[in-house]
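This report goes through some local backbone features, a ligand site and the packing of a few helices. The structure comes first.

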Amino acid sequence: MRIRRSLVVAALAAATLAVAPAAAFASPGGGTAPIGPGAHLTATQPSLRVLSMRSGLKVGTAVNMDLYGSDAAYTRIVDQQFNTVTPENVMKWQLVEPTQGTYDWAAADRLVAGARAHHQLVRGHTLVWHNQLPSWLSTDGVTTSFSPQQVRDLLHKHVVDEVTHFRGQIWQWDVVNEAFNDDGTPRQDIFFKAYQALGLDPLGYIADAFRWAHQADPHALLFYNDYNLEFTGAKSNAVYAFVQQLQAQHVPIAGVGFQGHLDTQYGFPDLQNNLQRFAALGLKVALTEVDVRTFVQPDPAKPGSYTDIPLTPALQATQESYWTQTLQACLAVKQCISYTVWGVADSNSWIPGVFAGEGAALLFDDSLQPKPQYQDLRHVLWTTKAPRRV
Ligand code: G3I
């Protein structure tokens, strides 16, 4: 293994970063294809995953299972460019237990099988979240027809059954997702309210979920995952204090996921500081859902619709600098073990459906062609001297 790694690094050092003519883009080749003497970088080779071997940082994507396996170009990018994958939706409670007591693991199993076939690690996403709950449990995340004790029992069964189903196949689990509001207060969802009504610590559902998950799969790395932790402020401070409480209670938390949904209008966060201070607690950290949205040009052919082209060249440049800085921040912190982008192409990003007039948030365009930000990430992986991940 060590020999193979050093060969790859040496081969990388021999290659140039010149981008080949567009025709070279069509060239096939797996993400771990060897780079022989005299090889040069084509538009997509070496892949992100090959370049990531210099530092050992895993580079991943969220995968849309409606496209994976049916859209050949999409599937090729997932398989060739990344060495970790996250199901964008298919491991969420709503999808795995659409009818109470009846599990549907088919799509998630397909993701895990694809990952195994392509030597990728899986980030399980996500066990406990107020959103995308099955409608039989809650349609809004804050109300339910079940009693507090039933909610606790259902949560226990869900966590144990899902983690058990995938035991041994998940590298990192996002055990709890988005449990805090931006002002640092806990989100008062059905789990918080159930524990409160039972006279327990309202946030005790989080410690329970980590303990149950750990019992079901002691080898999985268990993460708390949230957005806006990138910025120092009320939310990241609250989560920072909270994970220390979990550690004091010997809750088996291994890491904190920084989602990294950035927008050019809000400025670039002090991300490296925040990664560093969580890492200093003895935790692993990860960038788990990176995308960088900006304002995009309207589509003249379809009134009310938008293209995936930034409104101005300046916004494109700002996006690129955010991509570069997020990856640099992760690389600079040794405990940052993975960097996952939230989707492959602008055409399958969640952004336009939620933020009207914004988009262009990913590395590949609507036609699945690589964008400058994709090349920026390759350049960073290629040029940054980063501490090796263990
Ligand atoms: O599955 C149904 C389908 O049956 C139905 O026909 C269709 C009609 O709209 O909806 C489909 O469900 C959609 C689901 O994605 C699966 O495609 C939901 O409407 C849609 O809201 C849902 O969006 C997902 C969103 O989470 C839900 O909040 C996005 O794809 C997904 O990217 C997004 O991911 C989250 C992370 O899990 C957590 N962090 C934030 C991130 C972005 O919101």
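Thr126 sits in strand E3, which covers residues 121-128. The model is predicted, and in it the peptide bond that leads from His125 into Thr126 is cis, with omega near -10 degrees. A second cis bond joins Gln45 to Pro46, with omega near -5 degrees. Pro46 is placed in a loop, with helix H1 (2-14) on one side and helix H2 (48-51) on the other. Most peptide bonds are trans, and most residues other than glycine have a negative phi. Against that background, Ala360 has a positive phi, near 50 degrees, although the residue is not glycine. Ala360 belongs to the loop between strand E11 (358-359) and helix H13.

His125 also appears at the ligand site. The ligand has 14 residues around it, and those that come nearest are Glu88, Lys92, His125, Glu178 and Glu289. By class, the shell consists of three nonpolar, seven polar and four charged residues. Three polar approaches between side chains and the ligand are listed below.

| Residue | Ligand atom | Distance |
|---|---|---|
| Glu88 | oxygen | 2.4 Å |
| Lys92 | oxygen | 2.7 Å |
| Glu289 | nitrogen | 2.7 Å |

Taken alone, the ligand exposes 790 Å², and the protein buries 51% of that area. For Glu289, the side-chain partner of the ligand nitrogen is an N or O atom. In Glu88, a polar side-chain atom faces an oxygen atom of the ligand, and a polar side-chain atom of Lys92 likewise lies 2.7 Å from a ligand oxygen.

The remaining topic is helix packing. Two packed helices are described by the angle between their axes and the distance between the axes. How do helix H11 and helix H13 cross? The axes of H11 (residues 313-332) and H13 (residues 372-383) come within 9 Å, at a crossing angle of roughly 30 degrees. The two helices are therefore roughly parallel, since angles under 35 degrees count as such. The crossing of H11 past H13 is right-handed.

Helix H11 has another partner in helix H10, which spans residues 271-279. Here the axes come within 9 Å and cross at roughly 25 degrees. H10 and H11 are therefore also roughly parallel to each other. H10 passes H11 in a right-handed crossing.

Definitions and conventions
Residues numbered from 1 in each chain as written. Predicted model: local features only at pLDDT ≥ 70, side-chain atom pairs only at ≥ 80, totals over all residues. Heavy atoms only, no water. Near = heavy atom within 4 Å. Polar contact = N/O pair within 3.5 Å; in protein donor to acceptor, adjacent residues only side chain to side chain. Areas by Shrake-Rupley, 256 points an atom, 1.4 Å probe, with all protein chains shown as cover. Nonpolar A, V, L, I, M, F, W, Y, C, P; charged D, E, K, R; others polar. Axes fitted to C-alpha atoms, helices over the stretch in contact; angles between N-to-C directions. Helix = DSSP H or I, 4+ residues; strand = E, 2+ residues; numbered from the N terminus. Parallel < 35°, antiparallel > 145°, perpendicular 65-115°, else oblique. Left-handed = near helix turned anticlockwise from the far one by under 90°.
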